[in-house]
Amino acid sequence: MTTALAVALLSGTGAVARVLTSRALGEPAHRGTLLLNLAGAFALGVLTGAGVTGDGLLLAGTAFLGSYTTFSTWMLDEASLPAAAAGRLLAAATLGGAACAAAGWALAAAA
């Protein structure tokens with residue numbers, strides 16, 4: 001029960017952090033969403049590179065980062081763009097996310 005409560009609290013905290021960060025980044029919204037998702041990918045890379053497992057990974061990686069980053073907002077942002085811009089956003093999110101996760105992993109694994 002304690003883990004379930006922690007998941008609920010951290011998920012809510014991650015969502016609030018996403019909204020506040022997105023507002024601070026301003027318009028256009030898709031850039032803010034991209035930056036949030038890239039930061040989340042980096043943070044998840046740090047967690048895995050540091051060897052975080054079990055409840056720690058569940059809480060930080062799934063609960064907090066899962067709601068801090070958001071696939072649904074990214075899809076909505078992408079759908080609102082012209083096709084060429086949406087393609088660039090897809091490439092930036094996919095390649096950038098993989099690069100950020102790898103960088104986070106390498107940084108934490110080297111420490």
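# A guided tour, starting at Val19

Begin by selecting Val19, which is partly exposed because its relative accessible area is 32%, a value that falls between the 20% limit for buried and the 50% limit for exposed. Keep in mind as you look around that this is a predicted model.

**Out from Val19.** Colour the helix that holds this residue: Val19 is found in α1. Now add Glu78 to your selection and draw a line between the two C-alpha atoms. How far apart are Val19 and Glu78 in space? The C-alpha to C-alpha distance is 18 Å, while 59 residues separate Val19 and Glu78 in sequence.

**Along α1.** Next, select residues 2-25, which make up α1. This helix has 24 residues, and from its first C-alpha to its last it reaches 34 Å, close to the 34 Å expected at 1.5 Å a residue. Step just past the end of α1 and you arrive at Gly26, whose phi is positive, near 75°.

**On to α3.** Select residues 54-68, the 15 residues of helix α3. Does the end-to-end distance of α3 agree or disagree with the expected span? At 1.5 Å a residue, α3 should span 21 Å, and its end C-alpha atoms are 20 Å apart, so the two agree.

Now show the side chains of α3 and pick out these buried residues:

- Leu59 and Gly61
- Ala63 and Leu65
- Ser67 and Tyr68

What covers the buried residues of α3? The cover includes α1, where you began, and α2, which runs over residues 29-49.

**The whole protein.** Zoom out and switch to a cartoon view. You will find five helices and zero strands, giving the pattern α-α-α-α-α along the sequence. Computed along the principal axes, the C-alpha atoms fill a box of roughly 45 × 30 × 20 Å. A compact globule of 111 residues would have a radius of gyration near 13 Å, and the protein has 15 Å, which agrees.

Turn on contacts and look at pairs at least 6 residues apart in sequence: 78% of these contacts join residues at least 24 apart.

**The surface.** Finally, switch to a surface view. The accessible surface comes to about 6,400 Å², with 73% of that area belonging to carbon and sulfur atoms. Of the 111 residues, 31% count as buried. Colour the charged side chains to end the tour: there are 4 positive and 4 negative ones, and the centres of the two sets lie 8 Å apart.

How values were computed. Residues are numbered from 1 along each chain as its sequence is written. This is a predicted model: local features need pLDDT of at least 70, side-chain atom pairs count only at pLDDT 80 or more; totals for chains, interfaces and linings use all residues. Side-chain values use heavy atoms; hydrogens and water are left out. Helices (H or I, at least four residues) and strands (E, at least two) are DSSP runs, numbered from the N terminus. The radius of gyration is taken over C-alpha atoms; the globule rule is 2.2 Å times the number of residues to the power 0.38. Buried means under 20% relative accessible area, exposed over 50%, partly exposed in between (1.4 Å probe, protein chains only). Contact means heavy atoms within 4.5 Å. Accessible areas come from the Shrake-Rupley method with a 1.4 Å probe; for residues, only the protein chains shown count as cover. Lys and Arg count as positive and Asp and Glu as negative; His and the chain ends are not counted. The place of a charge is taken as NZ of Lys, CZ of Arg, CG of Asp or CD of Glu. The expected span of a helix is 1.5 Å times one less than its number of residues.
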